[in-house]
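Reader: I am new to this structure and would like to ask about its details one at a time. Could we begin with the terms that describe accessibility?

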Amino acid sequence: MKEKNDISRLDDTDIRILKLLQKDSRMTVKELASCVNLSPSPTFERQKRLEREGYIKRYMAVVDAKKVGNGILVLCNIRLKQHTQELIQQFMDAVQNIDEITECYNTSGDYDFIIKVYAHDMKAYQQFMLHTLGRIDCIGSLHSIFVIDETKNTRGVTVKRPRPETE
């Protein structure tokens with residue numbers, strides 16, 4: 001059974017709109033319409049439908065972390081004390097209210113979660129570990145990976161039709 005919001009439901013113009021908006025969500029409807037060779041009214045309707053159907057989740061500005069004082073990026077692998085539904089939910093609830101954690105992924109393998117943390121410097125990260133993560137009782141262990149340099153971060157997702165399967 002196909003998922004409700006499957007890419008097969010989108011035509012080439014819808015896909016082009018998604019790609020363009022990922023690159024620059026501040027495009028006006030008029031600019032967007034020009035790029036997809038439609039008039040503004042149907043372009044606007046398509047954009048609103050893509051929002052309504054959940055293809056477009058939100059619009060946001062990408063802020064330079066270093067310019068706002070967050071010079072350290074850390075990927076932190078988290079292992080919970082136990083794998084119970086209660087502890088997993090406790091951790092997922094806790095990260096929702098921690099501003100320094102910008103992303104959190106429930107993973108397979110050696111660790112249960114990976115979190116992305118921005119901190120001012122090493123001392124600030126140490127304080128974060130001790131006073132914020134240290135207060136989350138369900139954490140059994142953590143492993144911090146300090147990012148030296150960002151090689152690629154498009155902040156977008158691939159929007160294209162999958163290649164047809166060959167027999």
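Author: A residue is called buried under 20% relative accessible area, exposed over 50%, and partly exposed in between (1.4 Å probe, protein chains only). This is a predicted model, in which local features need pLDDT of at least 70 and side-chain atom pairs count only at pLDDT 80 or more, while totals for chains, interfaces and linings use all residues. Residues are numbered from 1 along each chain as its sequence is written, and side-chain values use heavy atoms, with hydrogens and water left out.

Reader: Thank you. Is R49 buried or partly exposed?

Author: R49 is partly exposed, because its relative accessible area is 21%. Its side chain forms a salt bridge (a Lys or Arg side-chain nitrogen within 4 Å of an Asp or Glu carboxyl oxygen) with D14, and the closest N and O atoms are 2.7 Å apart.

Reader: Where do R49 and D14 sit along the chain?

Author: R49 belongs to helix α3 and D14 to helix α1, which covers residues 12-23. Helices (H or I, at least four residues) and strands (E, at least two) are DSSP runs, numbered from the N terminus. The two partners are 35 residues apart, and the pair links distant parts of the chain.

Reader: And D14, is it buried or exposed?

Author: D14 is buried, since its relative accessible area is 2%. Its partner R49, at 21%, is partly exposed.

Reader: How many salt bridges are there in the whole structure?

Author: A search of the whole structure finds 7 salt bridges. One of them joins the side chains of K48 and E51, with an N to O distance of 3.1 Å.

Reader: How are K48 and E51 placed in helix α3?

Author: K48 and E51 are 3 residues apart in helix α3, so about one helical turn separates them. K48 counts as partly exposed because its relative accessibility is 31%. E51 also has a value in the partly exposed range, at 22%.

Reader: Which residue forms a salt bridge with E103?

Author: E103 pairs with K116, and their closest N and O atoms are 3.0 Å apart. This pair links distant parts of the chain: E103 lies in strand β2 (residues 101-106) and K116 in strand β3, 13 residues apart. E103 is partly exposed, with a relative accessible area of 28%, whereas K116 counts as buried at 12%.

Reader: Which residues are joined into one network?

Author: Salt bridges with shared partners join D11, D14, R46, R49 and E53 into one network.

Reader: Where is E53 found?

Author: E53 is in the loop between α3 (40-52) and β1. Its relative accessible area is 22%, so E53 is partly exposed. From E53 to T84 there are 31 residues in sequence and 34 Å in space, C-alpha to C-alpha.

Reader: Let us turn to Q47. What does Q47 touch?

Author: Q47, in helix α3, touches L21, V29, L32, I56 and Y59, leaving out residues up to four places away in sequence. Contact here means heavy atoms within 4.5 Å. Q47 counts as buried because its relative accessibility is 9%.

Reader: Now the interior. How many residues has the largest nonpolar core?

Author: The largest nonpolar core has 20 residues, and I78, F91, I101, I115 and L133 have the most contacts inside it. Such a core is a set of buried Ala, Val, Leu, Ile, Met, Phe, Trp, Tyr and Cys residues joined through side-chain atoms within 4.5 Å.

Reader: Which elements supply at least two residues of this core?

Author: They are β1 (72-80), α4 (85-95), β3 (113-119) and α5 (122-131). The largest share, 5 residues, comes from β1. Apart from this core lies another, of 13 residues, including L10, L18, L20 and L32.

Reader: What is I101 in contact with?

Author: Setting aside neighbours within four places in sequence, I101 is in contact with V95, I115, K116, V117, F128 and L133.

Reader: Finally, how many disulfides does the structure hold?

Author: The structure holds 0 disulfides, a disulfide being a pair of cysteine sulfur atoms within 2.5 Å.

Reader: Why has C76 no bond to C104?

Author: The closest cysteine sulfur to that of C76 is in C104, and at 10 Å it is too far for a bond. C76 is buried, with a relative accessible area of 0%. C35, by contrast, is partly exposed, at 33%.
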